[in-house]
Amino acid sequence: MKYSIFNVIIEYEGTYLLHNTLHDNIIRIYDINYVDILKKLSIENFSSNQLKDLDSDFVNCLIDNKFIIDDDFNEHSLLNYKFYINQRNLDTTLRVMIIPTRECNFRCPYCYENHENKNMTEDMFNCSLKFIEEFLNNNPNYINLCIDWFGGEPTLKINEICKFMNKLKTRFREINVFGSMTSNGYLLNLDNFKKLIDLGIVQYQITIDGLQTEHDSTRFLRDGSSTWKTIINNLLDLKKTELNFNILIRTNVTTNIMNNIDKWTKFLKANFGDDSRFNYHMEPVKNLGKHNEYIHPTEEGTFYEINNSLKKQGLRLNLEDSISPFGLICYASNPSHFTIDYDGSIKKCTVALDDQENNIGKICSENLQYDFNFEKLSKWTNFDLDNNCRKCSILPICYGRKCPNCTIKGDWSICNDIKYIYKDLMITKYLKKY
Ligand code: SF4
Ligand code: SF4
């Protein structure tokens, strides 16, 4: 027998969880002596003799739940198999993210984008449609097509977006065409929401950075005017309808917001908590290239504090669903996901937009063709696992793909953040009582 390499012990106020991240099996342990014995079990020098002080029912439970496994059980092979099956399921949906403009009506000081007035031409919209058509024709396994609208601020190009979605819906009647949008929400009044939802754009990520004072200090219009009231009213108007949509309210957490987190989650509960079409995502502001005073470090306890505050209101962080196998993988590593920038360049990551490593292809408007640089493309979808990842006990959750942009650059500092997120969410999901 041997101890699984994917076992993790998590402690909170004297109670322990033993989690096997490959099988997603979890047991709660109350006896500290048992935990001490488990902590001494090492993968290399495991001996059944080390289990002699454990109750036989408990040992059987460890075996039944695959915390202890046969010597010849190759856990990496099983993980690869599960990943392959997971990937195959994803491969029925072609996801194309489109950046119709790099311009934005906001000037958030922490934003990593340059807000250039660069827009997709009508010609390039048509070429993007042609690219999607050819890609679907060459890959008949796709039964779904999802267009994710990103920016800049995509609602600045709402007419072009509606025209494009209309054309797609008419052209691809045999597959399911739908969409999502990442927006600041300022221009999403009820009329605009209705137009977009009618065209199948039913999922939205809208950023609101806390209560009015905090939000308006970082998310203001180009001329400095406030935006909070308009966005909240837009969402409340939408809430009154029976329309079918899903809105993820995202909060970029600064130290200021963290200090007032309970007031913010209370507001969310009071205004949106009775409607399951609204969900919540909160993440500390990261350093994505521009140094600024709004960066809030992700440390052990950061996600605990955020989720704890939501849970006290009966809400929860959407990330809670991610701490299961392959839950923390970024779309940039999905071979069925592409980003088309305003100028027709094809990319994977939506943060490193101007990084040459991310420029994996080009749609050429002159001859209506597209080219991929497969050498670059394959770096983002690479199936090989780095040695750091092969030894990592939460590999089944992240699969080395939480941020391919970081791992391609050899920046492994992301791993600490991932481990903090995992641990904090395990505690708030399974150990803390509300
Ligand atoms: S990227 Fe880091 S956290 Fe993810 S599997 Fe690899 S070593 Fe583990
Ligand atoms: S690769 Fe990293 S930076 Fe790029 S979108 Fe994914 S998580 Fe974000």
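**Exercise 1. Two backbone features in loops**

Task: State where Phe-326 lies and what is notable about its phi; then find which peptide bond is cis and where Gly-152 is found.

Solution:
1. In this predicted model, Phe-326 sits in the loop that runs between helix 11 and strand 12 (337-340).
2. The phi of Phe-326 is near 65 degrees, a positive value although the residue is not glycine.
3. Most residues other than glycine have a negative phi, and most peptide bonds are trans.
4. The cis peptide bond goes from Gly-151 to Gly-152, and its omega is near 15 degrees.
5. Gly-152 belongs to the loop between strand 7 (144-149) and helix 5.

**Exercise 2. Helix 11 against helix 16**

Task: Describe how helix 11 and helix 16 pack: what are the angle and the axis distance, what is the handedness of the crossing, and which residues make the contact?

Solution:
1. Two packed helices are described by the angle between their axes and the distance between the axes.
2. For helix 11 (residues 302-312) and helix 16, the angle is about 30 degrees and the axes are 8 Å apart.
3. Angles under 35 degrees count as roughly parallel, and helix 11 and helix 16 are therefore roughly parallel to each other.
4. Helix 11 and helix 16 cross in a right-handed sense.
5. Helix 11 contributes Thr-302, Phe-303, Tyr-304, Asn-307, Asn-308 and Lys-311 to the contact, and helix 16 contributes Tyr-420, Ile-421, Asp-424, Leu-425, Ile-427 and Thr-428.
6. Sorted by class, the residues of this contact of helix 11 with helix 16 are six nonpolar, four polar and two charged.

**Exercise 3. Helix 10 against helix 11**

Task: Classify the pair formed by helix 10 and helix 11: are the helices roughly parallel or oblique to each other, and which residues meet?

Solution:
1. The axes of helix 10 (residues 261-272) and helix 11 come within 9 Å, with a crossing angle of roughly 40 degrees.
2. Helix 10 and helix 11 are therefore oblique to each other.
3. The crossing of helix 10 and helix 11 is right-handed.
4. From helix 10, Ile-261, Asp-262 and Thr-265 meet Glu-305, Ile-306, Ser-309 and Leu-310 of helix 11.
5. The contact of helix 10 with helix 11 holds three nonpolar, two polar and two charged residues.

**Exercise 4. Helix 4 against helix 5**

Task: Give the geometry of helix 4 and helix 5, and say how many residues of their contact are charged.

Solution:
1. Helix 4 (residues 122-138) and helix 5 (residues 158-171) have axes that come within 11 Å and cross at roughly 30 degrees.
2. That makes helix 4 roughly parallel to helix 5.
3. The crossing of helix 4 and helix 5 is right-handed.
4. Phe-125, Leu-129 and Glu-133 of helix 4 meet Glu-160, Phe-164, Lys-167, Leu-168 and Arg-171 of helix 5.
5. The contact of helix 4 with helix 5 has four charged residues, four nonpolar and no polar ones.

**Exercise 5. The two domains**

Task: Which domains does the assignment give, and which strand supplies the largest share of the side of domain 1 that touches domain 2?

Solution:
1. The domain assignment gives domain 1 (1-73) and domain 2 (75-434).
2. The C-alpha centres of domain 1 and domain 2 are 37 Å apart.
3. In the contact, 15 residues of domain 1 face 16 residues of domain 2.
4. On the side of domain 1 that touches domain 2, strand 2 (7-12) and strand 3 (15-20) each supply at least two residues.
5. Strand 2 gives the largest share of that side, four residues.
6. The side of domain 1 that touches domain 2 divides into nine nonpolar, five polar and one charged residues.

**Exercise 6. The ligand shells**

Task: Which residues are around ligand 1 and ligand 2, and how do the shells divide by class?

Solution:
1. Around ligand 1 are Asn-388, Cys-389, Cys-392, Ile-394, Leu-395, Cys-398, Gly-400, Lys-402, Cys-415 and Ile-418.
2. Helix 13 (387-390), helix 14 (395-398) and helix 16 (414-431) each give two or more residues to the shell around ligand 1.
3. The shell around ligand 1 consists of seven nonpolar, two polar and one charged residues.
4. Around ligand 2 are Cys-330, Ala-332, Cys-349, Thr-350, Val-351, Ala-352, Cys-403, Pro-404, Asn-405 and Cys-406.
5. The shell around ligand 2 has eight nonpolar and two polar residues, and no charged ones.

Notes: Residues are numbered from 1 along each chain as its sequence is written. Chains are lettered from A and ligands numbered from 1 in the order in which they are written. This is a predicted model: local features need pLDDT of at least 70, side-chain atom pairs count only at pLDDT 80 or more; totals for chains, interfaces and linings use all residues. A residue is near a molecule or strand if its C-beta atom, placed from the backbone, lies within 6 Å of it. Ala, Val, Leu, Ile, Met, Phe, Trp, Tyr, Cys and Pro count as nonpolar, Asp, Glu, Lys and Arg as charged, and the others, Gly among them, as polar. Axes are lines fitted to C-alpha atoms, for helices over the stretch in contact, and angles run from 0 to 180 degrees between N-to-C directions. Angles under 35 degrees count as roughly parallel, over 145 as roughly antiparallel, 65 to 115 as roughly perpendicular and the rest as oblique. A crossing is left-handed if the near helix is turned anticlockwise from the far one by less than a right angle, and right-handed if clockwise. Two residues are in contact if their C-beta atoms, placed from the backbone, lie within 7 Å. Domain bounds come from an automatic or database domain assignment.
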